[in-house]
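Thanks for coming, everyone. Please have a look at the structure before I start.

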Amino acid sequence: MGSRFVSAVAFYGPKTGALREALAGVQALIAEHVGDDFRPYTLDQVHATLIALNGVRDPQTGAIVNEYLLAHAGVRREMDLPRVMDILVRATPLRVRIGGFRPGQEIPFTSRGQHLAERTFSVQDKAFVLVGWPADSLAGAGRPLDDLRREMNAANVLHRYHVHATDVDNDLHLVVGHHAGAPADALARATAAVRDKLAADPVDLTIGLADVKIVAADSHTLAPPLYVGDVPAAEAALLALIS
């Protein structure tokens, strides 16, 4: 598989307004409880991946095929990058919310079998992860983020977490940093503090087309970037990055 990471992401780059304030507040709470074991992302680096576009070259045809379609389904079909761009353009604007949930509160759905209060912020391996959801989904009106990712199948792109046809991923993930072996009690305190903050003060955001970028890097953290471009991005530029 290829080592280059290429993704369509939201909110990569400079942050302003409610998003910047929320991210800075979350990182400050983590640092308060985790101390020197906290390895924060820069605010510019924090992003939400909409769809990964990692590709590998088919040795038989020379075409660039989607890494996850090949890995999960064994399918070698050339990615239709212009169609990817068209899907991204039509998917915006997308309203999302992070926070607003407390344990025991009635919720419209669960996320990976967990209450939304738990999924809003958690430590996953060594990563500190925020999760939000489309406002329409919270109002009981469909799963627009999962629909976006599933529509990418028509462009020969498979979402990383759509391993099976019935898999659903309507979550918007933002990693805000990692820890370097912090004690479990410190991680638990940080998790509780961030969840309480977001339950009381949720963040409402709108992902517009200008907020969506194509980013390429040699690290899954997307830092440092090798390329940051607007949508729609030129097919030739993407092929050069992927291959």
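One term before the tour. A cavity is a set of grid points where a 1.4 Å probe fits but cannot get out. Lining residues have an atom within 4 Å of such a point. Keep in mind that this is a predicted model.

So, cavities first. How many cavities of 30 Å³ or more are there? The count is 2.

Take the largest cavity. Its volume is about 50 Å³. Which element gives the most to its lining? That is α1, with 4 residues. Helix α1 covers residues 17-34. The full lining reads Leu19, Ala22, Leu23, Val26, Ile98, Leu130, Leu174, Leu198 and Val203. By class, that makes 9 nonpolar residues, no polar and no charged.

Now the second largest cavity. It holds about 30 Å³ of space. Around it sit Leu50, Ala91, Thr92, Leu94, Leu148 and Ile207. Here the split is 5 nonpolar, 1 polar and no charged.

On to the pockets. The largest pocket holds about 750 Å³ of space. Its lining has 28 residues. Which of them lie nearest the centre? Thr49, Arg160, Tyr161, Val175 and His220. Four strands give two or more residues each to this lining: β1 (5-10), β3 (48-52), β8 (127-134) and β9 (172-179). The largest share comes from β9, with 4 residues. The classes are mixed in this pocket: 11 nonpolar, 10 polar and 7 charged.

The second largest pocket has a volume of about 170 Å³. It is lined by 13 residues, and Phe11, Pro14, Lys15, Leu19 and Asp211 are the closest to its centre. We meet helix α1 again here, since the largest share of this lining, 3 residues, is from α1. Leu19 is a familiar name too: it also lines the largest cavity. The classes in this pocket come to 7 nonpolar, 3 polar and 3 charged.

Stay with Phe11 for a moment. Phe11 sits in the loop between β1 and α1. Is its phi positive or negative? Positive, near 70°, and this is a residue other than glycine. For background, most residues other than glycine have a negative phi.

The same background covers peptide bonds: most are trans. Here are two that are cis. One joins Ala223 and Pro224, with omega about -10°. Pro224 belongs to the loop between β11 (212-217) and β12 (225-230). The other runs from Val231 to Pro232, and its omega is near 5°. Pro232 is in the loop between β12 and α8.

That brings us to α8 and its partner. In general, two packed helices are described by the angle between their axes and the distance between the axes. Here the pair is helix α3 (residues 81-91) and helix α8 (residues 235-242). Their axes come within 9 Å and cross at roughly 110°. Angles of 65 to 115 degrees count as roughly perpendicular, so α3 and α8 are roughly perpendicular to each other. Is the crossing left-handed or right-handed? Right-handed.

Which residues make the contact? From α3, they are Leu81, Pro82 and Met85. From α8, they are Glu235, Leu238, Leu239 and Ile242. Of these contact residues, 6 are nonpolar, none is polar and 1 is charged.

That is the tour. Questions, please.

Conventions
Residues are numbered from 1 along each chain as its sequence is written. This is a predicted model: local features need pLDDT of at least 70, side-chain atom pairs count only at pLDDT 80 or more; totals for chains, interfaces and linings use all residues. Side-chain values use heavy atoms; hydrogens and water are left out. Axes are lines fitted to C-alpha atoms, for helices over the stretch in contact, and angles run from 0 to 180 degrees between N-to-C directions. Angles under 35 degrees count as roughly parallel, over 145 as roughly antiparallel, 65 to 115 as roughly perpendicular and the rest as oblique. A crossing is left-handed if the near helix is turned anticlockwise from the far one by less than a right angle, and right-handed if clockwise. Contact means heavy atoms within 4.5 Å. Ala, Val, Leu, Ile, Met, Phe, Trp, Tyr, Cys and Pro count as nonpolar, Asp, Glu, Lys and Arg as charged, and the others, Gly among them, as polar. On a 1 Å grid over the protein atoms alone, a cavity is a set of points where a 1.4 Å probe fits but cannot get out, and a pocket is an open set with protein on both sides within 12 Å along at least five of seven lines; lining residues have an atom within 4 Å of a point. Grid points are joined across faces, edges and corners, and a volume is the space filled by probe spheres set on the points.
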